[in-house]
Amino acid sequence: MAPVIPPSAAKTHQVVLMEKARAAASFNTSELSCLIYGSAEAVKQRRGAYDRVETQLGTKDTSVLPRIYGNMDRERAYQESLEMGTIAFQDGIKHGHNFFSEVTPRGIFANASPIGLNILLFIPAIELCGSAEQRAQWLPLAKEGKIIGTYAQTELGHGTFVRGIETTAALDTTTDEFVIHSPTKSSTKFWPGGLGFSSTHAILMARLLVGADDHGPHLFMVQLRSLEDGKPLPGIKLGDIGPKLAYNGVDNSFAVFTNVRISRLNMLMKHTTIAADGTYTAVPNHAVLNYATMLRARAIMTRIAAFQLAQATTIATRYSTVREQGAGSNGTEKSVLQYKHQHFRILTLIAKSYGTFFASKYCTTEYEKVMHQQEQGSLSGLPYMHSLSAGLKAWATGEAADGAEDARKYCGGHGFLMISGLPDLVASSTGMVTFEGENYVLWLQVGRYLIKCVDTLVQGKKLHPEMAYLSDGSTYNAGPGAVNGVCEAQGSAFLDQHVQLDIYRHRATRLVHAIHKRFRGSSKTPEEAWNQHMLSIITAARAHIEYIVLRAFAAHIHHLEGTISVSLMNILATLCSLFALSHIINPRTVDALVNGLLEGLLPEAIALTDAWDFTDASLCSALGMKDGDVYGTMMRWVEQLPINQRAWEHNEGVYRPGWEKWIDPILKAKL
């Protein structure tokens, strides 16, 4: 057996390059980490949680090939994911934290864990839609792991189109029970994570039937399997749906219900109630209120998209720092990060990851406002929150998926290796594009809201305060130097944050009003006009959301003034400008400014990615090692690959199955 290359005691050239790059930063990385996670204490607790979990999982020793890069089949991947999810869940209970409520210890969206939806959707659904009695009954069980839940909405034939859900819950007044049934093949619950083998219970969405009355989709608590032996309960067929592009550690599943009986009291009854005699009572807009769980999920996904983009960017930045290429006039190579095309692409991704993060904080704040208003009996902010969560989810997950793939490309051929960690990040980020609503469908929901906003203006009514910018639909002041509504800013004026916001606001206002005029003025039927102008509607929706993102980015930085160091304040302001200007580059004006921004940010690249505080074990990337020892790690890992070990351990470097069956016969003409 060939020996595995041990870690070197001496510093490699790549390690020295990384140390120099890290030392070049002008700000304190820890200060930015505290800003991201809330406080120094939160950073400390988070590090402690990761240390404990990674120690139990045996992943802290990064000289050892991560198990996911060995010959792991689907069932082994599921068991590994169960181990990770269980350890993380128990650590949260024991130490009183929620660091793994939205992400796995690998930093992937929590639904990558077989038990991830218990905290992500199951518990919130009870909190948001259950009565006081139901919350008292079920929440302690779910939070302590006495039951493990999932959220079962999506069906084989219907996903985010909730009104199309076919699963039924028919009230039987003679037994005081609901009868849960899958009446068609397309009504099979399909895709929910943890449904097939991991969860004991589900919050199930089904149509409430009372006699001849169909009250539409409602939420029900359904026990799936015995708590004693895990067997599915009578009338319930559960199973896995097979391998996927990513998330193969979770049992995304199907469920078929055949006349399964549950108590009438298992319908979540905060917003609707059903009496024993079938009397149905509902608060106004109850269907929208029951949708709060999905609004929350989309707000979370915006935040997770920021972190996944940051993970991919961290790997690409670290690798680009220590990868040298291209002999200069003196024959020496230089770091590929020094090349303009490379650091432009990487730094704009870094700026986008921070822009997405600050936009997600804004989204969370707005969600909390709406939930507070809801408790006070007001639903006035709900339409805006729906459009905001839909638009930010669509924008953030799309940018994260594209950005992760770009980061993979920035790493050249090595980025194509699974051990780079990037292919899994690309695949998992891509998955979020369709989770909780395919992005183009969500863009259209935003577009519909924007058209209604202009309708409101036409009627002489006021808009939601966050949408008031659309009121200026006919005139426009593009900041300093504006003439007749045309932006005439020149040179360094584009670095003025007000000018940047004016540009984005003007674009959004112009596009929204233009598409409203074409849509409402069409001679076609509303359905035909909607389809005809669909692409323009999406363009307007995207412009609106990009303005919201930039506005949130700039506002957050403004609110930080005086609370953080001047050096960090300057870096964040520069990032914000790069985010804004990189979308509107003009060779005659903005290009030179962007070059200046890049030069200022280049020495900060490693510190800006270090601030996310990702552990080596969570990145699981030979290219993204914090110490920069890329080549040493790559060789240690590939030498531990099972195919190499099999060839070296007993066969003197020969892979016998392949040689004896195929190669040797070719050489000896025995085919």
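**A walk through the predicted chain**

Leaving aside neighbours within four places in sequence, Glu31 is in contact with Ile564, Ser565 and Leu568. That is a handy place to start in this structure, which is a predicted model. Glu31 sits in helix H2, which covers residues 29-37. Is Glu31 buried, exposed or something in between? With a relative accessible area of 23%, Glu31 comes out as partly exposed, since the cut-off for buried is under 20% and exposed means over 50%. Now take Lys185 as a second landmark: Glu31 and Lys185 are 154 residues apart in sequence, and their C-alpha atoms are 55 Å apart in space.

Stepping back to the whole chain, there are 22 helices and 13 strands to keep track of. The radius of gyration is 27 Å, close to the 26 Å that the globule rule gives for 671 residues, so the chain is as compact as a globular protein of that length. Along the principal axes, the C-alpha atoms fill a box of roughly 85 × 75 × 55 Å. Of the 671 residues, 53% are buried. The contacts say something about the fold too: take those between residues at least 6 apart in sequence, and 72% of them join residues at least 24 apart.

What about the outside? The accessible surface of the chain comes to about 29200 Å², and carbon and sulfur atoms account for 55% of that. As for charge, the chain carries 62 positive and 62 negative charges, and the mean positions of the two sets are 3 Å apart.

Next up is a small piece of sheet built around strand S2. This strand runs over residues 168-172 and is mostly covered, with four of its five residues buried. Which way does S2 pair with strand S3, parallel or antiparallel? The two pair in the antiparallel sense over five bridges, with S3 spanning residues 177-181. Within this pairing, Asp172 stands opposite Glu177 of S3. S2 and S3 form a hairpin with four residues between them, and one of the turn residues, Asp176, has a positive phi of about 60°. S2 has another partner in strand S5 (residues 201-210), and here the pairing is parallel, over three bridges. On the S5 side, Arg207 is the bridge partner of Thr168. As a general point, side chains in a regular strand alternate between the two faces of the sheet.

Asp176 has company when it comes to positive phi values. Tyr247 has a phi near 60°, a positive value in a residue other than glycine. Tyr247 is found in the loop between strand S7 (236-240) and strand S8 (253-257), and with a relative accessible area of 10% it is buried. Asp613 is not a glycine either, yet its phi is positive at about 65°. This residue lies in the loop between helix H18 (605-610) and helix H19 (616-619). Is Asp613 buried or exposed? At 12% relative accessibility, Asp613 counts as buried.

Finally, there is helix H20, made up of residues 630-639. Seven of its ten residues are buried, so H20 is largely enclosed by the rest of the structure. The buried residues of H20 are Val630, Gly632, Thr633, Met634, Arg636, Trp637 and Glu639. What covers them? The cover includes helix H8 (292-322) and helix H21 (642-651).

Key:
Residues are numbered from 1 along each chain as its sequence is written. This is a predicted model: local features need pLDDT of at least 70, side-chain atom pairs count only at pLDDT 80 or more; totals for chains, interfaces and linings use all residues. Side-chain values use heavy atoms; hydrogens and water are left out. The radius of gyration is taken over C-alpha atoms; the globule rule is 2.2 Å times the number of residues to the power 0.38. Buried means under 20% relative accessible area, exposed over 50%, partly exposed in between (1.4 Å probe, protein chains only). Contact means heavy atoms within 4.5 Å. Accessible areas come from the Shrake-Rupley method with a 1.4 Å probe; for residues, only the protein chains shown count as cover. Lys and Arg count as positive and Asp and Glu as negative; His and the chain ends are not counted. The place of a charge is taken as NZ of Lys, CZ of Arg, CG of Asp or CD of Glu. Two strands pair if DSSP finds at least two bridges between them.
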